[in-house]
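Reader: I am new to this structure and would like to understand the terms used to describe it. Please set each value against its definition.

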Amino acid sequence: MNWRAVAAIYRFEMTRFFRTLFQSFISPVISTSLYFVVFGAAIGSRIDTVEGVDYGAFIVPGLIMLSVMTQSLSNGAFGIYFPKFVGTIYELLSAPVNFLEIVMGYVGAAATKALFIGVVILGTASLFVDLTIQHPLAMLLFLVLTCLSFALFGFIIGIWAKNFEQLQLVPLLVVTPLVFLGGSFYSVSMLPPVWQTITMFNPVLYLISGFRWAFFGMADVPVGVSLLAIAGFFCLCLGIIWWIFRTGWRIRS
Amino acid sequence: MTMVEISGVKKRYEGGFEALRGVDLMIKEGEILALLGPNGAGKTTLISAVCGITLPTEGTIRVGGHDVVTDYRAARDLIGLVPQEINLEPFEKVINTVRFTRGLFGKARNDALIEDVLRKLSLWDKRDSAVKELSGGMKRRVLIAKALAHEPRVLFLDEPTAGVDVELRRDMWEVVAELKRQGVTIILTTHYIEEAEAIADRVGVINRGQILLVEEKDALMARLGQKELRIDLSDPLDAVPPSLEEFDLTLTEDRQRLVYTYHSGAERTGIGRLMAAVASAGLKVRDVSTAQNSLEDIFVGLVAEQEEEDAA
Ligand SMILES: Nc1ncnc2c1ncn2[C@@H]1O[C@H](COP(=O)(O)OP(=O)(O)OP(=O)(O)O)[C@@H](O)[C@H]1O
Ligand SMILES: [Mg+2]
């Protein structure tokens with residue numbers, strides 16, 4: 001293993017993040033506060049509790065997941081798309097590194113940034129509502145796994161994308177709807193039965209449900225299934241990336 | 001010892017275009033090889049195949065004895081690459097991109113070495129500037145600094161002096177000369193024949209994906225020393241007169257010109273004797289002129305020859 005290469009990529013990517021640290025910090029704080037004003041005050045006044053949990057607290061896991069998923073996805077995609085775009089990818093291709101080292105560097109950095117934002121949102125949210133986390137370790141595990149697997153997914157998008165439009169297409173067209181419809185702001189049991197069945201095909205539901213279980217001990221689907229789903233997604237993405245580097249698809253002419 | 005060993009390498013791009021058509025090339029440790037060739041000859045493709053940027057369709061490449069595909073880590077450890085295109089992250093600080101390359105090659109951080117490289121390339125004062133604030137020539141030097149940052153044993157320079165002014169070009173030659181003194185093997189591509197003359201040990205000519213010639217520069221220069229004496233006659237000849245046989249003359253097709261080949265550096269060129277012999281043979285001389293081979297002529301001649309062959 002060329003650990004120094006992993007560290008070099010990771011550090012290089014994180015410098016970019018630190019250059020814009022204030023923006024990275026302030027935007028989730030503002031958007032979280034807005035969610036609480038809108039959802040907490042407007043909807044929360046009509047829905048008191050969901051399955052015994054205060055509505056304001058209930059949306060916190062979904063809120064974190066929404067940001068963490070979109071952030072790690074776009075960070076992961078941009079991180080590898082940018083070298084392709086400016087041409088510095090030649091360095092990665094001609095250096096003594098394998099696909100795993102490149103992925104660890106880029107995906108690790110993308111996931112770290114998303115994790116940071118997730119923690120900022122959690123902190124902001126705890127200013128608005130009382131939060132007790134029943135299974136802190138499981139919470140952390142879900143959070144880290146989600147960051148990593150969505151950053152991996154983003155990495156694939158970044159390699160696939162041939163222009164900036166494509167780069168934004170998948171997050172906008174696929175992920176955001178899936179996250180909104182995945183029970184971020186409601187419990188599946190609140191839906192009519194037909195929709196409950198349809199929602200079961202949404203992979204994001206399993207992540208949000210597992211994450212929420214870690215907070216409140218209640219879930220739409222069994223927590224084991226959630227864990228399996230995210231682990232499966234993680235492996236799938238890793239497999240695709242392994243194939244990309246073996247064949248040189250869209251990177252090596 | 002052979003440092004780079006390219007055998008039977010072909011490269012067919014996705015569209016079906018064959019950019020390399022069977023390249024064999026051996027590069028000795030510590031030498032400077034200049035690769036000359038017109039636009040589209042396949043110079044960049046060949047370098048890309050050695051460095052792992054593109055995969056050869058056929059053939060094998062070894063660097064320092066390591067296959068660049070199956071044993072890529074060991075091979076690439078040795079290789080530094082300065083690409084033809086200026087590919088740099090515009091917002092990054094100079095020193096950070098240079099450090100990044102060193103890390104990518106698995107080398108421990110070494111600030112003294114980085115400082116030395118940047119100073120040699122007159123970039124030290126610009127170390128904290130963002131890349132986008134540099135001039136074109138400076139950016140090219142950043143690319144060189146990046147390649148040198150990981151102490152390669154083999155350095156590929158793809159047109160390092162394109163768009164670089166004369167003074168800076170000499171500075172770069174100086175850097176190349178010093179690397180050679182340290183035993184680094186250097187392969188550079190160029191369109192400038194003077195550049196090949198100035199710094200190379202050997203010169204290779206490539207066109208349409210084939211190596212047409214690889215020769216010691218000195219041997220090539222000796223060939224360059226060849227001159228022609230052309231004697232234009234008033235009356236056409238049927239054959240070279242027997243009394244002029246010893247001079248190995250050739251008669252041109254219009255039968256009005258005799259051509260004598262000699263070496264300008266030789267002690268006795270034989271011109272005096274030839275002219276006397278021509279006079280005593282009773283030939284009427286209308287005009288006399290001389291012409292010299294240049295590397296350019298050799299180059300143009302080779303390329304034209306290949307094109308004829310391809311057409312046939
Ligand atoms: N990615 C690619 N896909 C298809 N064809 C390519 C690709 N890269 C290069 N070629 C073609 O291969 C041939 C050789 O290109 P190459 O860049 O190796 O030439 P070169 O000798 O470096 O030329 P120059 O002196 O202009 O840099 C050209 O005809 C070029 O059009
Ligand atoms: Mg080229």
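Reader: How much area does chain B expose, and what share of it do carbon and sulfur atoms supply?

Author: Chain B exposes about 14,800 Å², and carbon and sulfur atoms supply 47% of it; accessible areas come from the Shrake-Rupley method with a 1.4 Å probe, and for residues only the protein chains shown count as cover. This is a predicted model, in which local features need pLDDT of at least 70, side-chain atom pairs count only at pLDDT 80 or more, and totals for chains, interfaces and linings use all residues. Residues are numbered from 1 along each chain as its sequence is written, chains are lettered from A and ligands numbered from 1 in the order in which they are written, and side-chain values use heavy atoms, with hydrogens and water left out.

Reader: Why is chain B called more spread out than a compact globule?

Author: The globule rule (2.2 Å times the number of residues to the power 0.38) gives 20 Å for 312 residues, whereas the radius of gyration of chain B, taken over C-alpha atoms, is 25 Å, well over that value, so chain B is more spread out. Its C-alpha atoms fill a box of roughly 80 × 45 × 35 Å along the principal axes.

Reader: What makes strand 4 and strand 5 of chain B a pair?

Author: Two strands pair if DSSP finds at least two bridges between them; strands are DSSP runs of E, at least two residues, numbered from the N terminus. Strand 4 (residues 58-63) and strand 5 of chain B are joined by 2 bridges and run antiparallel, so they meet the definition. B:Val63 stands opposite B:His66 in strand 5.

Reader: Which strands of chain B are the edge strands?

Author: In the open sheet of 4 strands, with order 2-1-4-5, strand 2 (18-28) and strand 5 (66-67) of chain B each pair on one side only.
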